[in-house]
Structure formats: structure tokens, C-alpha cells
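I set out to record, step by step, what I looked up in this structure. The entries begin with the whole chain and end with one pair of helices.

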Amino acid sequence: MDHNPRWKKLIILLSLIPLLWWPVSLLHDSAFMFNGMKRLLMFLFPFYALGSVALAWYCRNERSEVMWILLILLWFSYAAIFTLAAI
């Protein structure tokens, strides 16, 4: 039986919405001007985001502090990857 409020599940799922931007950011640079490291980070970021959300979902019941830490790090990572794509 799940004793957590639904808003926790909603926040975790809403943390996936910025991933919809990821393919657009790759297509935006039609000349693919990213250097090797930026290209690698742009390709690996969705796996990091999905892994963070999966781990946050897994530990939401027993370790809600860990869930919040994972989500906050993910949100900071979104800010960093948006900045990287804008440069």
C-alpha cells in the first residue's frame, strides 16, 4: 500500500517534461557545431535524467530526503544543459 501523497508522484513525473526539449536542441544546431565533449554530454543527458527520475521514484516511499536531493540535482542539471546548449 502506498502511503505517499499523489503530489510527490506528480512532481517526479513533471521532472521529465524538460526532456521533450532535448531532441529539439539537437536539431536546432543543424551544422552540429558541438565539439566532442558537448556532443557527448548532450547525448548522455537523457539517460542521466531518466536514471535520476527512476531512482527518485524507487526511493520516494522510504527515503523522501534522497528523492528530493535527486530531483534538485536533476533540476540543476537541466539548467546546466540548457546553458550548454545555448552557448
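The entries below follow the order in which I looked things up.

**Entry 1: the whole protein.** I note that the model is predicted. I counted the secondary structure and found four helices and zero strands. Along the sequence, the pattern reads α-α-α-α. I then looked up burial: of the 87 residues, 30% count as buried. For contacts between residues at least 6 apart in sequence, I found that 70% join residues at least 24 apart.

**Entry 2: Lys8.** I located Lys8 in helix α1, which covers residues 6-14. Is Lys8 in a salt bridge, or without one? I found that Lys8 is buried and has no salt bridge. The nearest side chain of opposite charge belongs to Glu65, and it lies 8.1 Å away; a salt bridge would require the charged atoms to be within 4 Å. Leaving aside residues up to four places away in sequence, I recorded that Lys8 touches Arg60, Ser64 and Met67.

**Entry 3: α1 against α4.** Which residues of α1 meet α4? I listed Trp7, Lys8, Ile11 and Ile12 on the α1 side. Their partners in α4 are Ser64, Met67, Trp68, Leu71 and Trp75. Helix α4 spans residues 64-86. I looked up the geometry next: the two helices pack at an angle of about 30°, and their axes are 11 Å apart. Angles under 35 degrees count as roughly parallel, and therefore I describe α1 and α4 as roughly parallel to each other. Finally, I noted that α1 passes α4 in a left-handed crossing.

Conventions: Residues are numbered from 1 along each chain as its sequence is written. This is a predicted model: local features need pLDDT of at least 70, side-chain atom pairs count only at pLDDT 80 or more; totals for chains, interfaces and linings use all residues. Side-chain values use heavy atoms; hydrogens and water are left out. Buried means under 20% relative accessible area, exposed over 50%, partly exposed in between (1.4 Å probe, protein chains only). Lys and Arg count as positive and Asp and Glu as negative; His and the chain ends are not counted. Contact means heavy atoms within 4.5 Å. Axes are lines fitted to C-alpha atoms, for helices over the stretch in contact, and angles run from 0 to 180 degrees between N-to-C directions. Angles under 35 degrees count as roughly parallel, over 145 as roughly antiparallel, 65 to 115 as roughly perpendicular and the rest as oblique. A crossing is left-handed if the near helix is turned anticlockwise from the far one by less than a right angle, and right-handed if clockwise.
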